[in-house]
Amino acid sequence: MDNGKLRVDPDAFLSRVEFGAHQETIDHVNRKIFRAYRGCNPNNIPNDIFRLRHQVYCLECAFLQPEQYVDGMEFDDYDDASTHFAAYTLDEKLIGAVRLVQPHAPKPYPFELHCQVFSDYDMPSREQAAEISRLVVKKSHRRRRADSVLGIPGFVQSDDPALEFDPAVDRRDRTSPMLLLGMYREMYRHSLDSGIRYWYAAMERSLAHALKKMGFRFMAIGPEANYYGAVTPYVLDLHDLRRKLAMSNPTLAAWFAERPPVVEHTHPSRVHVVRKPGGGSDH
């Protein structure tokens with residue numbers, strides 16, 4: 001019977017006291033999986049990121065010509081104006097990467113080289129905006145388009161509201177969106193620290209729809225264009241994201257902010273995560 005509560009193993013979430021005592025340890029583990037490389041010198045960025053980009057953009061998708069690059073690494077002239085984010089397995093193997101680009105005026109954002117924006121859209125100041133770019137995931141860890149939101153904090157499949165989670169959720173599971181969300185969380189935390197409020201992204205509508213299911217409601221700011229395939233330019237207001245997540249999915253909002261979810265101890269051997277009615281669906 002669905003009583004509005006999601007049963008979770010007691011080790012899946014920490015209590016408030018436990019979280020406060022072990023926050024540094026938790027953050028250290030996160031940093032072993034998801035990492036940010038800040039700075040303007042691409043020589044400070046691990047070469048594996050550029051090799052993965054070459055594998056995906058040049059060899060698998062043929063968006064770029066592999067012979068234009070040396071040593072199997074794909075660079076461009078936006079890397080020195082980017083902060084790079086990467087996801088690793090626990091045995092130090094790179095499985096995903098993405099970057100936030102903040103080019104200095106008058107250099108355009110990467111999406112502006114291929115996409116137009118609507119005439120009534122006013123772009124915010126460059127200090128407040130960055131573009132999500134060069135999102136790549138190793139082939140063996142890509143999610144299928146039909147995958148559900150199972151694994152996202154605060155979500156549960158509607159046909160099994162009492163589904164139990166493994167306390168050691170594997171963020172590297174290619175059937176889970178946690179790999180993408182983990183990198184997005186690093187970008188989110190970096191953006192808040194750096195005064196970035198808006199994210200641009202040129203992406204397929206199917207990806208925009210998938211992100212919407214996760215709580216990221218990007219708004220189209222221009223018509224569809226051909227930019228490594230058919231894509232649409234979007235923008236996301238991070239202030240709006242934080243406010244809406246806090247209302248619609250407080251568990252995911254807490255995970256993004258590295259805060260413990262609200263827990264209710266009802267039995268020494270069980271922990272119940274309190275969910276608002278309808279909290280596990282997209283609204």
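Met203 stands opposite Thr232 in strand E9. That pairing opens a route into this predicted model. Strand E6 covers residues 198–203, and strand E9 covers residues 230–237.

**Strand E6 and its partners**

E6 and E9 pair in the antiparallel sense, over six bridges. E6 also joins E5, this time in parallel, through three bridges. In that second pairing, Ala129 stands opposite Tyr198 of E6. How much of E6 is buried? Five of its six residues are, so the strand is largely enclosed by the rest of the structure.

**Helix H4**

Helix H4 spans residues 205–214. Its buried residues are Ala208, Leu211 and Met214. They cover an arc of only 110° around the axis, and therefore sit on the same side of H4. The general rule fits here: an α-helix has 3.6 residues a turn, so residues three or four places apart point the same way. Arg205 and His209 are exposed, on the face of H4 turned away from the buried side.

What covers the buried residues of H4? The cover includes helices H3 (178–194), H5 (238–248) and H6 (250–256). Strands E6 and E9 also contribute to it. Just after H4 comes Gly215, with a positive phi of about 110°.

**The nonpolar cores**

In soluble globular proteins, nonpolar side chains tend to be buried together. Here the largest nonpolar core has 36 residues. Those with the most contacts inside it are Ile132, Tyr184, Trp199, Phe216 and Phe218. Helix H3 gives the most to this core, with eight residues. A second, separate core has 16 residues, among them Ile49, Val56, Tyr57 and Met73.

Phe218 shows how the pieces meet. Leaving aside residues up to four places away in sequence, Phe218 touches Ile132, Tyr184, Trp199, Ala201 and Met203, among others. The list also includes Leu211, Tyr234, Val235 and Leu236. Leu211 is one of the buried residues of H4. Met203 is the residue that stands opposite Thr232 in E9.

**Backbone exceptions in the loops**

Most residues other than glycine have a negative phi, and most peptide bonds are trans. Three places in the loops depart from that pattern, as the table shows.

| Site | Backbone value | Location |
|---|---|---|
| Ala62 | phi near 60° | loop between H2 (47–60) and E3 (82–88) |
| Asp71 | phi of about 60° | loop between H2 and E3 |
| Ala105 to Pro106 | cis, omega near 5° | Pro106 in the loop between E4 (94–101) and E5 (129–137) |

Neither Ala62 nor Asp71 is a glycine. Is Asp71 buried or exposed? Asp71 is exposed, with a relative accessible area of 65%.

**The chain as a whole**

The chain has six helices and 11 strands. Of its 283 residues, 44% count as buried. The accessible surface comes to about 14800 Å². Carbon and sulfur atoms account for 52% of that surface.

Which part of the contacts joins residues 24 or more positions apart? Among contacts with a separation of 6 or more, the share is 70%. Phe218 offers a local example, with Ile132 among the residues in contact with it.

Note on methods: Residues are numbered from 1 along each chain as its sequence is written. This is a predicted model: local features need pLDDT of at least 70, side-chain atom pairs count only at pLDDT 80 or more; totals for chains, interfaces and linings use all residues. Side-chain values use heavy atoms; hydrogens and water are left out. Helices (H or I, at least four residues) and strands (E, at least two) are DSSP runs, numbered from the N terminus. Buried means under 20% relative accessible area, exposed over 50%, partly exposed in between (1.4 Å probe, protein chains only). Two strands pair if DSSP finds at least two bridges between them. Contact means heavy atoms within 4.5 Å. Accessible areas come from the Shrake-Rupley method with a 1.4 Å probe; for residues, only the protein chains shown count as cover. The arc is that of the directions from the helix axis to the C-beta atoms. A nonpolar core is a set of buried Ala, Val, Leu, Ile, Met, Phe, Trp, Tyr and Cys residues joined through side-chain atoms within 4.5 Å.
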